[in-house]
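Grab a coffee and work through these short exercises with the structure open. Try each task yourself before reading its solution.

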Amino acid sequence: EFSVDSFQIILDSLLFYYDYSETPMSEHFHPTVIGESMYGDFEAAFDHLQNKLIATKNPEEIRGGGLLKYSNLLVRDFRPMDEDEIKTLERYMCSRFFIDFPDILEQQRKLETYLQNHFSKEERSKYDYLMILRRVVKESTVCLMGHERRQTLNLISLLALKVLAEQNIIPNATTVTCYYQPAPYVSDANFSNYYLANAPVLYSQPYPTWLPCN
């Protein structure tokens, strides 16, 4: 797990006190509550938490690889403790995620559930989160065939498009048609990679009104 999520508070002594002690608790008489970090180094983990640093060990041993949590930390302005090592760890995260969720429908259910559980009151952050997740998957996935990788990237793009539509930043997703870039030898000055079925609308929010097909 990530160091910033590794803290546990041991309440056994407090529960024992309430069950068996008749002496009122005071500043000078109270049970000791123990805090520990499953990361293995409490001081290091606490430093990571204070300075918003991302550190983990063996993400391939975490269900889902910690990929969704990692992207969540990034969108909250945490930064990797080791920029060089994190690229290797990202590959492990992606590999484990696709081992645990190999089917595109499983991936969709997992992503939708994660968004609902972790961003229910943070609508404005959903899009940024999905774009960060998409970048990590695009840059660090080495275990999938090309069409499988594109399928997952398209899924994330469509979820991001849906988020924008729900925020009324773009028209409803049902009015959007996505086209692939034509072959290099096809020349059409009027061609647009992305086409909105409705008339163009101007938006003041700093969000693009298109998403990549792959």
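**Exercise 1: a loop residue**

In this predicted model, Gln 167 has a relative accessibility of 17%. Decide whether Gln 167 is buried or exposed, then find where it sits and what it touches.

Solution. Start with the cut-off: buried means under 20% relative accessible area. At 17%, Gln 167 therefore counts as buried. Next, place it: Gln 167 is in the loop between helix 7 and strand 5 (176-178). Finally, set aside neighbours within four places in sequence, and you'll find Gln 167 in contact with Glu 123 and Arg 124.

**Exercise 2: two helices**

Describe how helix 5 and helix 7 pack.

Solution. Two packed helices are described by the angle between their axes and the distance between the axes. Here, the axes of helix 5 (residues 104-118) and helix 7 (residues 146-166) come within 11 Å and cross at roughly 35°. The crossing is right-handed. On the helix 5 side, the contact uses Ile 104, Gln 107, Gln 108, Leu 111 and Glu 112. Helix 7 contributes Gln 151, Thr 152, Leu 155, Ile 156, Leu 159 and Lys 162.

**Exercise 3: a surface patch**

Classify Ile 9 as buried or exposed, and name its patch partners.

Solution. Ile 9 lies in strand 1 (residues 7-10). Its relative accessible area is 61%, and exposed means over 50%, so Ile 9 is exposed. On the surface, Ile 9 joins Leu 11, Leu 15 and Val 33 in a nonpolar patch. Together they have about 370 Å² of accessible area.

Definitions and conventions:
Residues numbered from 1 in each chain as written. Predicted model: local features only at pLDDT ≥ 70, side-chain atom pairs only at ≥ 80, totals over all residues. Heavy atoms only, no water. Patch = residues over 30% accessible without salt bridge, like charges linked within 9 Å, V, L, I, M, F, W, Y side chains within 5 Å. Areas by Shrake-Rupley, 256 points an atom, 1.4 Å probe, with all protein chains shown as cover. Salt bridge = Lys/Arg side-chain N within 4 Å of Asp/Glu carboxyl O. Helix = DSSP H or I, 4+ residues; strand = E, 2+ residues; numbered from the N terminus. Buried < 20%, exposed > 50% of the residue type's maximum accessible area, 1.4 Å probe, protein only. Axes fitted to C-alpha atoms, helices over the stretch in contact; angles between N-to-C directions. Left-handed = near helix turned anticlockwise from the far one by under 90°. Contact = heavy atoms within 4.5 Å.
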